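The questions below ask why certain labels apply. Each answer sets a value against its cut-off.

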Amino acid sequence: MTNSATNLRLKLPMACIILEVIIIILFGALVQYDDETDAKLWHKEIANGSSNYDNDFYYRYPSFQDVHVMIFIGFGFLMTFLQRYGFSSVGFNFLIAAFALQWATLMQGFVHGMHGGKIHVGIESMINADFCTGSVLISFGAVLGKTSPVQLLVMSVIEVTLFAVNEFIVLSVLGAKDAGGSMTIHTFGAYFGLMVARVLYRPNLDKSKHKNCSVYHSDLFAMIGTIYLWMFWPSFNSAVTAHGDDQHRTAMNTYYSLAACTLATYGLSAVVAHDGKLDMVHIQNAALAGGVAVGTAGEMMLTPFGSMIVGFLAGTISVLGFKFLSPILEQKLKIQDTCGVHNLHGMPGVLGAIVGAVTAALATKDVYGDGLLPLLRNRQTPASFQGIRQAISLAVTLGIALLGGLITGFILKLPIYGAPPDTICFEDGIYWELPGEEGSHEELTTVRTPDEAEKLNA
Amino acid sequence: MTNSATNLRLKLPMACIILEVIIIILFGALVQYDDETDAKLWHKEIANGSSNYDNDFYYRYPSFQDVHVMIFIGFGFLMTFLQRYGFSSVGFNFLIAAFALQWATLMQGFVHGMHGGKIHVGIESMINADFCTGSVLISFGAVLGKTSPVQLLVMSVIEVTLFAVNEFIVLSVLGAKDAGGSMTIHTFGAYFGLMVARVLYRPNLDKSKHKNCSVYHSDLFAMIGTIYLWMFWPSFNSAVTAHGDDQHRTAMNTYYSLAACTLATYGLSAVVAHDGKLDMVHIQNAALAGGVAVGTAGEMMLTPFGSMIVGFLAGTISVLGFKFLSPILEQKLKIQDTCGVHNLHGMPGVLGAIVGAVTAALATKDVYGDGLLPLLRNRQTPASFQGIRQAISLAVTLGIALLGGLITGFILKLPIYGAPPDTICFEDGIYWELPGEEGSHEELTTVRTPDEAEKLNA
Amino acid sequence: MTNSATNLRLKLPMACIILEVIIIILFGALVQYDDETDAKLWHKEIANGSSNYDNDFYYRYPSFQDVHVMIFIGFGFLMTFLQRYGFSSVGFNFLIAAFALQWATLMQGFVHGMHGGKIHVGIESMINADFCTGSVLISFGAVLGKTSPVQLLVMSVIEVTLFAVNEFIVLSVLGAKDAGGSMTIHTFGAYFGLMVARVLYRPNLDKSKHKNCSVYHSDLFAMIGTIYLWMFWPSFNSAVTAHGDDQHRTAMNTYYSLAACTLATYGLSAVVAHDGKLDMVHIQNAALAGGVAVGTAGEMMLTPFGSMIVGFLAGTISVLGFKFLSPILEQKLKIQDTCGVHNLHGMPGVLGAIVGAVTAALATKDVYGDGLLPLLRNRQTPASFQGIRQAISLAVTLGIALLGGLITGFILKLPIYGAPPDTICFEDGIYWELPGEEGSHEELTTVRTPDEAEKLNA
């Protein structure tokens with residue numbers, strides 16, 4: 001199975017070490033502690049009457065850790081559903097996330113404004129870097145099982161860069177609100193990844209078809225990922241919203257949206273699945289769409305009622321997407337979307353962007369009071385202008401994602417990254433030393449011979 | 001295996017969608033942001049001199065997320081110990097928890113007092129809804145493997161309602177303290193579930209006996225649930241206690257109680273189990289009893305010393321319950337308690353209620369200082385009165401739980417919910433599309449043929 | 001397999017119950033709530049103008065829970081990589097951690113100063129007890145699979161005691177800084193455990209060789225441990241640092257160190273492993289070395305740049321250690337280090353101590369401002385003196401760990417603890433009732449007979 005084409009002894013180390021050395025050099029030249037992590041500056045603030053509690057660390061660190069769990073456990077284990085791709089799912093997720101969060105710190109620092117030629121870092125830059133990483137992992141879901149870790153690192157380099165550019169345009173130029181990233185994270189990551197998958201289309205992928213499915217325990221491992229994503233999504237959407245009611249309200253709106261989404265998912269899954277049974281693919285994925293779909297409007301006065309309607313719709317379109325749209329995407333559009341990111345992040349992300357635009361447009365001083373101002377880019381213009389800003393942002397995001405994915409796809413198509421052949425996709429063995437491959441049956445399962453069992457019970 | 005009786009293509013979607021639509025309508029009519037999640041109201045408080053840090057979100061959100069993990073990962077994975085019921089354990093846990101937390105918000109809102117005809121929601125209502133959900137999941141443990149998801153949803157509707165009524169009587173009418181829910185959550189959930197299991201008694205359940213046990217990996221998955229419940233129990237018991245020393249002390253008392261309970265569990269397990277070996281059932285369950293047993297007294301001045309004694313006792317009675325009482329419950333009282341919730345939640349819950357009553361009765365101004373007042377319902381009466389309030393609350397809880405479980409059991413016995421036949425209990429395949437059912441051996445295990453192994457290592 | 005020598009029916013209960021009774025008595029005699037957990041004392045502080053937010057609970061509880069997860073899930077599951085030792089890995093980890101945190105509270109209380117003859121407990125003592133427990137679990141990793149739970153409890157009694165003594169000398173007498181425990185936790189735990197493993201050397205351990213390896217799913221369970229340790233290490237290193245910029249900076253430095261370490265680990269693993277493939281042993285362990293290596297300097301002004309260099313180095317030496325040093329340790333020095341703690345905790349711990357000494361020596365008022373003072377033991381002496389304090393602390397730690405491990409090894413060698421014979425190491429069955437041992441193949445795997453599959457799909 002291993003041959004010179006997929007052997008990474010040189011390629012992977014070179015990619016990892018060159019990238020890390022570049023990052024370290026750039027950090028050395030450009031990155032500084034911000035006012036709240038620098039000993040001298042913070043103690044100056046303390047001397048001026050600040051309390052240690054004013055340090056943003058205490059407002060955001062618990063949310064950061066929840067987001068961190070979503071990135072590394074949530075995304076990583078969600079993708080372990082494939083029967084023989086668990087090492088790669090968790091392991092490549094780990095690798096590209098560890099890379100992307102460093103690269104994102106630099107790219108986001110560049111475009112969001114340097115301070116005297118330096119990038120300032122603290123808890124908020126850490127959360128934003130994790131967010132950008134999430135977008136890359138969504139794209140990873142679309143190409144799961146069909147790419148080498150070197151390809152994934154190259155994809156991360158480009159995607160993180162374009163993510164930062166798009167985020168800058170959406171948040172800073174257009175002045176849209178998108179705290180939970182319905183547009184900047186989910187829509188961007190999904191359509192970028194789908195376009196990459198389109199360019200990397202493998203007409204003979206059915207040769208690996210028998211491995212592109214789950215087994216009993218792999219589905220249970222995947223549920224670890226699903227449940228963590230579901231539980232911590234309120235922290236994700238509220239991690240960088242304003243202090244006080246904003247963080248509080250965003251977390252609560254997300255909580256209600258997800259709960260309603262889950263009921264819709266179970267209901268719809270039993271309708272469309274074979275024989276009235278539930279389909280794990282729907283439960284693992286569609287139940288999360290409610291978190292995606294309130295990623296923009298969650299910080300607004302969407303109300304629990306509104307959040308639940310959005311969540312219910314998101315779960316519904318997601319299940320229907322898995323059932324009816326995914327086969328079309330594959331057969332007609334030639335997009336082989338391994339994890340169905342179009343159903344979990346793509347459509348719900350677009351829904352979330354639209355809900356956000358409408359909710360922003362409907363905002364009034366009567367409902368928001370003094371809380372209206374932080375919502376509006378321009379305090380002179382009415383809220384409907386904010387709605388238009390939001391809508392344009394969706395279009396820009398889709399454009400950059402699709403174009404970026406197209407170019408990236410062609411770059412990843414170069415035959416130099418050790419990508420797996422069509423016959424050995426969805427298979428850990430190509431990039432990982434697997435345990436017990438030469439072992440006997442006994443070592444590989446929990447079965448014992450009667451003799452052994454007897455001895456054990458003697 | 002699937003026949004019209006257990007086919008849920010109509011029943012489950014109807015249940016899920018009708019319930020969710022009812023919830024959404026009620027939320028639309030009745031639920032409002034509270035002062036700390038409403039943009040206008042909170043900005044008014046800020047204008048009046050409040051700091052964002054006064055928002056209860058920062059006092060309680062980390063605890064909420066820990067509780068959330070206990071509900072969805074803790075309870076969900078604890079029940080995956082069954083060899084072929086992992087999808088249902090995690091999946092039905094997910095479904096009924098997502099439903100129950102919405103329904104609980106409404107029911108608890110109704111009985112605990114509306115504000116101008118509206119239910120106000122914020123972080124505290126989210127925690128309380130999760131607590132109520134926990135009670136339903138305890139009952140789920142008693143009937144695990146023998147019920148359809150439609151039955152479970154119907155059970156949740158009734159149980160959540162009665163939980164809210166009982167909680168109102170205990171906390172608001174009787175004025176008992178029960179922050180960690182020894183009575184309202186654990187005693188209530190356990191005896192409610194046991195009574196349901198009694199009414200649903202299946203004399204021919206031994207036909208599914210070979211599936212009512214664990215395999216090696218299912219026990220490891222269950223340990224994920226156990227350890228998360230164990231670690232986060234300090235957050236559970238302290239999540240809604242008063243700010244300051246109360247939250248701090250409650251978390252610490254629970255931490256010590258659980259540690260002592262664990263030592264007792266290991267010691268007793270080796271005594272009573274076969275051949276001096278440890279029994280996973282004890283470790284997975286009894287080690288948690290210490291958290292249950294300080295659910296009432298944990299916020300009081302129980303001292304670490306007292307907490308450890310309570311934890312030690314709880315672990316002891318729990319292991320002994322599994323060994324000696326569970327078989328009697330099944331054979332004599334015809335209660336088939338799949339997870340042994342009587343040993344983990346029932347007896348330790350009653351113990352916790354008694355410890356709480358005694359600790360409250362012994363409270364003095366000398367020990368509590370100004371911290372005594374929040375403990376007492378009536379500041380004029382002596383602490384011994386508080387002890388009596390606590391004792392009466394236990395009796396009321398037991399009464400409502402048993403009576404409610406009885407009625408619920410008969411409702412669930414109606415042959416309309418698609419319950420599994422006696423021969424196919426404890427089996428995911430009846431409600432879930434299982435992976436690889438038609439696959440070859442090779443796909444289902446990690447075993448490879450020599451040919452394949454050779455190719456891989458070539 | 002079970003015979004009188006390894007039967008623990010008397011030994012384990014006696015150990016657990018006697019130890020717990022001793023602990024409870026000592027807690028009763030010596031342990032008191034501190035000012036922030038005592039109702040009377042805290043309400044007095046409130047009356048004097050404190051806010052509830054000043055309670056240290058709110059500064060440290062989220063970090064505590066992250067550390068708690070590392071101890072019980074992180075260490076526990078990291079060690080489940082062995083194919084038939086998952087129950088023991090998680091279960092014994094659970095037992096000795098629950099014991100050690102109680103014993104540590106007492107031992108650390110004794111040496112770190114009593115208050116009027118009493119040990120005061122609160123959130124900080126809870127974190128410190130968990131830290132001490134971590135050290136014991138590191139040593140557990142060195143002897144994993146070759147020891148009985150009674151041996152492990154005895155080891156914990158001694159190791160916790162010596163840990164407290166060493167910690168007192170390093171932090172209080174020598175005045176070193178070591179917030180994340182590069183020296184006191186990692187170096188101490190690793191070299192203590194390695195010395196114990198040396199004394200307990202088993203020349204015939206190759207008789208159990210076929211069990212001293214992983215299988216596919218056991219490696220996935222181990223990744224749960226790895227990822228949790230990786231994600232929460234920023235909380236570990238910052239849990240007891242000073243409020244404000246210190247906690248903030250420490251968490252961020254650790255985050256960057258780990259990210260860089262991960263890239264180095266993947267790169268190096270592909271270089272040294274068989275055939276250019278990645279080795280799970282490296283990913284599971286070496287990727288964590290970056291957290292260990294900034295355990296001392298993390299709270300200093302190490303800069304993100306410095307943190308990344310340290311992390312990169314740590315990952316590199318750790319992978320190389322697994323590849324080249326571990327075989328030498330085993331063959332030449334007769335140290336059978338099951339988990340390779342020398343590569344994950346030993347060498348990176350020493351590296352961390354050295355980095356800490358250098359960083360402390362280079363501290364200047366110009367960089368730290370008023371933040372310099374908390375760093376220095378003696379405000380009159382220059383920072384270079386602090387560097388010397390740090391260096392001496394490393395030497396003292398190594399001395400106490402090696403000597404303590406030596407003595408402990410000989411105590412554990414007494415043939416009274418029910419240790420497993422050489423032929424049945426790395427095997428759960430010796431101490432645990434295993435499920436399905438007498439079952440058929442069908443019960444133990446997910447395989448179905450064609451008949452069954454047909455019925456299921458009927």
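Q: Why is Asp245(C) called buried?
A: In this predicted model, Asp245(C) has a relative accessible area of 1%. Buried means under 20%, so Asp245(C) is buried.

Q: What makes Arg249(C) and Asp245(C) a salt bridge?
A: The closest N and O atoms of Arg249(C) and Asp245(C) are 2.9 Å apart. The cut-off is within 4 Å, from a side-chain nitrogen of Lys or Arg to a carboxyl oxygen of Asp or Glu, so the pair qualifies. Both residues lie in helix α9 (residues 245–272) of chain C, 4 residues apart, about one turn of the helix.

Q: Is Arg249(C) buried or exposed, and why?
A: Arg249(C) has 2% relative accessibility. Because the limit for buried is under 20%, Arg249(C) counts as buried.

Q: Why is Lys365(A) called partly exposed?
A: Its relative accessibility is 48%. Buried ends at 20% and exposed means over 50%, so Lys365(A) falls in between. Asp370(A), with a relative accessible area of 42%, is partly exposed too. Lys365(A) and Asp370(A) form a salt bridge, with the closest N and O atoms 3.4 Å apart.

Q: What makes Asp370(C) and Lys365(C) partly exposed?
A: Asp370(C) has 45% relative accessibility, and Lys365(C) has a relative accessible area of 48%. Partly exposed lies between the 20% and 50% limits, so the label holds for Asp370(C) and for Lys365(C). These residues form a salt bridge, the closest N and O atoms being 3.4 Å apart.

Q: How do you know that Val271(B) is partly exposed?
A: The value for Val271(B) is 36%. That is neither under 20% nor over 50%, so Val271(B) counts as partly exposed. Val271(B) sits in helix α9 (residues 245–272) of chain B. Not counting residues up to four places away in sequence, Val271(B) touches Arg9(C) and Pro13(C).

Q: Why do Lys40(A) and Asp366(C) count as a salt bridge?
A: Their side chains meet at 3.8 Å, N to O. The cut-off is within 4 Å, so the pair qualifies. Across the interface of chain A and chain C the rule finds 1 salt bridge. Helix α4 (residues 86–111) of chain A gives the most to the side of chain A that touches chain C, with 12 residues.

Q: What is the area buried between chain A and chain C?
A: About 7600 Å², of which carbon and sulfur atoms give 67%. Tyr33(A), Tyr53(A) and Phe94(A) supply 10% of the area that chain A buries against chain C, more than any other three residues.

Technical notes. Residues are numbered from 1 along each chain as its sequence is written. Chains are lettered from A and ligands numbered from 1 in the order in which they are written. This is a predicted model: local features need pLDDT of at least 70, side-chain atom pairs count only at pLDDT 80 or more; totals for chains, interfaces and linings use all residues. Side-chain values use heavy atoms; hydrogens and water are left out. Buried area is the accessible area (1.4 Å probe) that two parts lose on being put together, summed over both. Helices (H or I, at least four residues) and strands (E, at least two) are DSSP runs, numbered from the N terminus. Buried means under 20% relative accessible area, exposed over 50%, partly exposed in between (1.4 Å probe, protein chains only). Contact means heavy atoms within 4.5 Å.
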